[in-house]
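Okay, thanks for coming, everyone. I'll walk you through one protein chain today, so have the viewer open.

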Amino acid sequence: MADFGGGDLDAFRAEARTWLAKNFPRSLEGRGAIMYAEAATGGGPDFRSWTAAMGEKGWGVPTWPKALGGGGLSAAEARVLQSEMNALGAWNPIGGMGVMMFGPTLLEFGSETQKQRHIPPIAKAQLRWCQGFSEPGAGSDLASLTTRCEDKGDHWLVNGQKIWTSGAQWADWCFCLVRTDTTKKHEGISFLLIDMRSPGVETRPIRLISGNSPFCETFFTDVKVPKENLVGPLGGGWTIAKRLLQHERSGLSGFGGGGARRGVGGPVSDLAKTYVGIDESGRIADSDLRARITSHEMDSRAFLLTAARSMVESRSNQGPSAATSIMKNAGTRIGQDRAELQIEIMGTHGLGWQGDGFSADELAAVRTWLGGKATTIFGGSAEIQNNIISKRILGLPDPLGSTTN
């Protein structure tokens, strides 16, 4: 594409608008959340064609280097692109852990060979990644992990178990924290890339109360990993992991805020008018509900504006900061508030599990509500985020016995 230097955003806006109008299937308009859920099983032909088009253009990861499959856009151009996509009802089909967490981290810490190998497939949504961090005995105290990684000369040998591995049953690769030195806690952790098709890798999906199984137990039994799959220095995994977790929290906070504005059933105020009804002035008939929806939408809007400002600041500061912990807590709370309001507004129609008496949105609402309970736990619980905020932002001393990731 053309080089839009000198702030020529109008020319870029025109190009983006034309390209989007030509390539975005209108059948997918406003269906991002639904299609992301379906993507695990491949999605439909329109989803696949849209993904291929965005991948070829590099606009799924608009600010990543063009030489590695990204769009090579400036932050200003990326904002223009997002604005044009919003206007059209389009959404980015290229996401997941490769984009949200691993890709940005590899761009910062990976070797050139590792970047050339792994970044382009992420940018084109050709490979799926999962995160091998938490273990049965190492959740909030992640640095207590015990998955062993032994140096066998020409390869690494990995043995251990991970839990709550999101999407492991579908993933091609796993970015994994392993213990390479048992005599040190944080300094004994390394960051390793594991091919999920390797002999000795086993995944077992965990069924949740929402009825879904997005998480897995993952077992590594005598898994051989090439030496070149170590990212960063031996024993440097904790430093890399902390950076990756900042990217994760940034992404999760965006999910929480986005869910507050758009999700099952559309805007909460429109949902209330449909299910609760309106008064003679065209307002939501229940005045108390109306006030709570107004408060929620104000919080959601304020969060989205703050998230946009934080994103700009993170780019100028070379990546996300500890402020992502604030955004993660705020965003997930707003997302949960939205789900609670939805269930209240729909009444008994929002509690259906199956059957012809419920619409697709009504069946999705209860699953979204139940699944959303986990958002204040995964990616670092709200309590862990509060510890990070108190220590790294407010400068307070460590609470007795606390753990800060």
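Let's start in the sheet: which residue in strand 7 does Val158 stand opposite? That's Val223. And keep in mind throughout that this is a predicted model.

Staying with those strands for a moment. Strand 3, residues 155–162, pairs with strand 7, residues 215–226, through seven bridges, and the two run antiparallel. Strand 3 also has a partner in strand 2, residues 148–151, again antiparallel, with four bridges joining them. On that side, Val158 has Cys149 opposite it. So if you click on Val158, you'll find Cys149 across from it in strand 2 and Val223 across from it in strand 7. Strands 2 and 3 make a hairpin with three residues in between, and Gly153 in the turn has a positive phi of about 90°.

Okay, zooming out. The chain has 12 helices and eight strands. There are 405 residues, and 44% of them count as buried. Of the contacts between residues at least 6 apart in sequence, 68% join residues at least 24 apart. As for the surface, the chain exposes about 19200 Å², with carbon and sulfur atoms supplying 53% of that.

Now the inside. The largest nonpolar core has 48 residues, and the ones touching the most other members are Trp50, Phe133, Phe175 and Phe191. Among the elements giving two or more residues to this core are helix 1 (9–23), helix 3 (45–57), strand 4 (173–179), strand 5 (189–195) and helix 7 (237–261). Apart from that one there's another core, of 18 residues, including Cys216 and Val225.

Phe175 is a good one to display with its neighbours. Leaving out anything up to four places away in sequence, Phe175 touches a whole list, including Met97, Met101, Phe102, Trp129, Phe133, Phe191 and Leu244.

Another one to pull up is Leu20, over in helix 1. Is Leu20 buried or exposed? It's buried, because its relative accessible area is just 1%, and the cut-off is under 20%. With the same four-place exclusion, Leu20 touches Trp50, Leu81, Glu84, Met85 and Leu88. Leu20 and Leu81 are 61 residues apart along the chain, yet their C-alpha atoms are separated by 9.2 Å.

Glu84 from that contact list turns up again in the charged part of the story: Arg13, Arg17 and Glu84 are linked in a network of salt bridges. How many salt bridges does the count come to? It comes to 19.

A few of those to look at. Glu202 and Arg204 form one, with the closest N and O atoms 2.9 Å apart. Both ends are partly exposed, Glu202 at 35% relative accessibility and Arg204 at 39%. Arg26 and Glu29 meet at 3.1 Å, N to O; Arg26 is partly exposed at 48%, and Glu29 is partly exposed at 41%. Then there's Arg197 with Asp195, also listed at 3.1 Å. Arg197 counts as exposed because its relative accessible area is 60%, and exposed means over 50%.

Last stop, the surface. Ile326, Ile393, Leu394 and Leu396 form a nonpolar patch there, with about 350 Å² of accessible area together. Ile393 belongs to helix 12, residues 382–393, and it's partly exposed, at 37% relative accessibility.

That's my tour. Happy to rotate the view if anyone wants another look.

Technical notes: Residues numbered from 1 in each chain as written. Predicted model: local features only at pLDDT ≥ 70, side-chain atom pairs only at ≥ 80, totals over all residues. Heavy atoms only, no water. Core = buried A, V, L, I, M, F, W, Y, C linked by side-chain atoms within 4.5 Å. Buried < 20%, exposed > 50% of the residue type's maximum accessible area, 1.4 Å probe, protein only. Contact = heavy atoms within 4.5 Å. Pairing = 2+ DSSP bridges. Areas by Shrake-Rupley, 256 points an atom, 1.4 Å probe, with all protein chains shown as cover. Patch = residues over 30% accessible without salt bridge, like charges linked within 9 Å, V, L, I, M, F, W, Y side chains within 5 Å. Salt bridge = Lys/Arg side-chain N within 4 Å of Asp/Glu carboxyl O.
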